[in-house]
Amino acid sequence: MNYLYSNLMNKVRMATGHYKNSVPYLSTEPYLNNILIQSICDAVGFYRQYWGFNFFEILAELASAQTQMVDSLIVHSLKFKHQGQYEAACMVLAYADTLGCHTQYSRLLSADLLRKLRKFTEARKLCDELRRDFPDFDDVESCRAMCDVDELLNCPYDYYYLLHCAHMIVKPARYIEIGVALGKSLALTRAGTFAIGIDPSAANCDGLFFHSPEVEPLLFAMTSDCFFDALDVHSLLGYQSFDMAFIDGDHTFEQALKDFIQLERLAGPSSVVFIHDCLPVNPVVAEKQRKTMFWCGDVWKVLPCLKKIRPDLNIITFPATPAGLAMVTGLNPASRVLEQQFDTIVSSFSDIQLPESYSERCLLLNVADKDAVELLEEHLAPLVCMNQGCLAGSHEYP
Ligand SMILES: C[S@@+](CC[C@H](N)C(=O)[O-])C[C@H]1O[C@@H](n2cnc3c(N)ncnc32)[C@H](O)[C@@H]1O
């Protein structure tokens, strides 16, 4: 396993130019071993979807290295899953069942695949059985929540895909990301982008699990507040505005609003800010305090707040899975109203509740009812023109 992990990492590094130390995360505990397998398969799927790399042969090695039959079948199933062949992935696990070898993880994976096939009743039934058999198995709750998400949002895109499309359209020269985690969203950056990542947990590029093959980001291992307080960000950006930013750090309303205020000071008329987690699947996951494993926080309150205090901004929320992605344009770096009224704004929006009714939620959060990729093109291409003084071309997305 050590060898296989390094092998994947080396291939990824060769493709991405990251040859430095790896940070292996291995476990002899069966469930953690399955999570490691899942992470490797996710990475293989990511590099194939966004970068066209075929690392799938690693999965054959990964399967044959497993000492348990069920783990080997899990790898095969995940491989099918990442190739979009959900029926085949389910069949592999059904075969494991006929051999009488299944685990907590293989059953969870079956539920997840049923969800992917939009067989929500069956997926939820399996989740309920798992919860009965393993009452402390938190990941089941996330799988169940994802059934609700897929059914409610009914959107073919996740937020990574929409960010990827935005990168392809905007081709940002300067990109700022608040909240990097494993580096997956940051790994969507393309050649020609100067990328800044801010996250107290992201110390250096070698510690990230995902890497853009074309961009070595500049990472700041600190909170966004520290970053904006301690650094001369204008100078870091070469005294130019950023083109695109993504807020996905601390999931509270106050912090997300602060992050927006700080970013807007560095924006130009053609800059765009994306905010994650702006369309929670239900009011419980939308609370400030975390009560559930699947949680969005109350970041969504930024949208009604901006609509009221800054009607000059353009706000669209895409129902991207798993928790919506908001896009804000029409930024004005000279505006100080949010900053000046910050405390009053925070106290007046802190107590608002997410509407139970999805249609009311959509109205409150400006949820788009048109294809998200078309809308991105429609709204971002004119900004590119404004910025470059040229006609926008058409874009193709892998
Ligand atoms: C949801 S994860 C980010 C996921 C990542 N953007 C992606 O999509 O692949 C949130 C991250 O925000 C970081 N974070 C929390 N508070 C923060 C803050 N005040 N400033 C910057 N990052 C913060 C956490 O350490 C965590 O890694």
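Which loop holds N366? I went looking and found N366 in the loop between α16 (358–364) and α17 (372–388). What I have open is a predicted model.

**Entry: N366**

I checked the backbone here, and N366 has a positive phi of about 55 degrees although it is not a glycine. I noted this because most residues other than glycine have a negative phi. Buried or exposed, or something in between? N366 has 19 C-beta neighbours inside 10 Å, so I put it down as partly exposed; being buried would take 20 or more.

**Entry: overall build**

I counted the secondary structure next: 17 helices and seven strands. The radius of gyration is 22 Å, close to the 21 Å that the globule rule gives for 398 residues, so I call the protein as compact as a globular protein of that length. I also looked up the extents, and the C-alpha trace spans about 65 × 50 × 40 Å along its principal axes. Of the 398 residues, 42% count as buried. For contacts with a separation of 6 or more, I find that 64% come from residues 24 or more positions apart.

**Entry: two domains**

The domain assignment splits the chain into domain 1 (2–153) and domain 2 (159–388). Their C-alpha centres lie 29 Å apart. How many residues does each side put into the contact? Domain 1 gives 23 residues and domain 2 gives 20 residues. On the domain 1 side, I see α1 (2–16), α2 and α8 (138–153) each supplying at least two residues. Of these, α8 gives the most, with ten residues. I sorted the domain 1 side by class as well and got twelve nonpolar, six polar and five charged residues.

**Entry: α8**

Since α8 gives the most to that side of domain 1, I gave the helix its own entry. I tested its length: at 1.5 Å a residue, the 16 residues of α8 should span 22 Å, and the end C-alpha atoms are 23 Å apart, so the two agree. Which residues of α8 are buried? I list V140, C143, R144, A145, M146, C147, V149 and L153. The cover over these buried residues of α8 includes α6 and α7 (120–133). Just after α8 I find N154, with a positive phi near 45 degrees.

**Entry: α4 and L73**

I ran the same length check on α4 (residues 69–82). Its 14 residues should span 20 Å at 1.5 Å a residue, and the end C-alpha atoms are 20 Å apart, so this one agrees too. The buried residues in α4 are D71, L73, I74, V75, H76, S77, L78, K79 and K81. I note that what covers them includes α2 (30–51), α3 (57–64), α5 (86–98) and α6 (104–116). α4 is followed by G84, where phi is positive, near 80 degrees.

I then picked out L73, which lies in α4. L73 has 23 C-beta neighbours inside 10 Å, which means it counts as buried. What does L73 touch beyond its neighbours within four places in sequence? I get V92, L93, Y95 and A96. With Y95, the separation is 22 residues in sequence, and the C-alpha to C-alpha distance is 8.5 Å.

**Entry: ligand and A181**

I looked at the residues around the ligand. There are 17 of them, and G179, A181, K184, G249 and D250 come nearest. By class, I have six nonpolar, seven polar and four charged residues in this shell.

A181 got a second look. Where does A181 sit? I place A181 in the loop between β1 (174–178) and β2 (194–198). Phi of A181 is near 50 degrees, a positive value in a residue other than glycine. With 16 other C-beta atoms within 10 Å, A181 is partly exposed.

**Entry: a cis bond**

Last thing I looked up was omega. Which peptide bond is cis, with omega near 0 degrees? I find the bond from T321 to P322. P322 lies in the loop between β6 (314–318) and β7 (325–329). I wrote this one down because most peptide bonds are trans.

Conventions. Residues numbered from 1 in each chain as written. Predicted model: local features only at pLDDT ≥ 70, side-chain atom pairs only at ≥ 80, totals over all residues. Near = placed C-beta within 6 Å. Nonpolar A, V, L, I, M, F, W, Y, C, P; charged D, E, K, R; others polar. Helix = DSSP H or I, 4+ residues; strand = E, 2+ residues; numbered from the N terminus. Rg over C-alpha atoms; globule rule 2.2 N^0.38 Å. Buried ≥ 20, exposed ≤ 12 C-beta atoms within 10 Å, placed from the backbone. Contact = placed C-beta atoms within 7 Å. Expected span 1.5 Å × (residues − 1). Domains from an automatic or database assignment.
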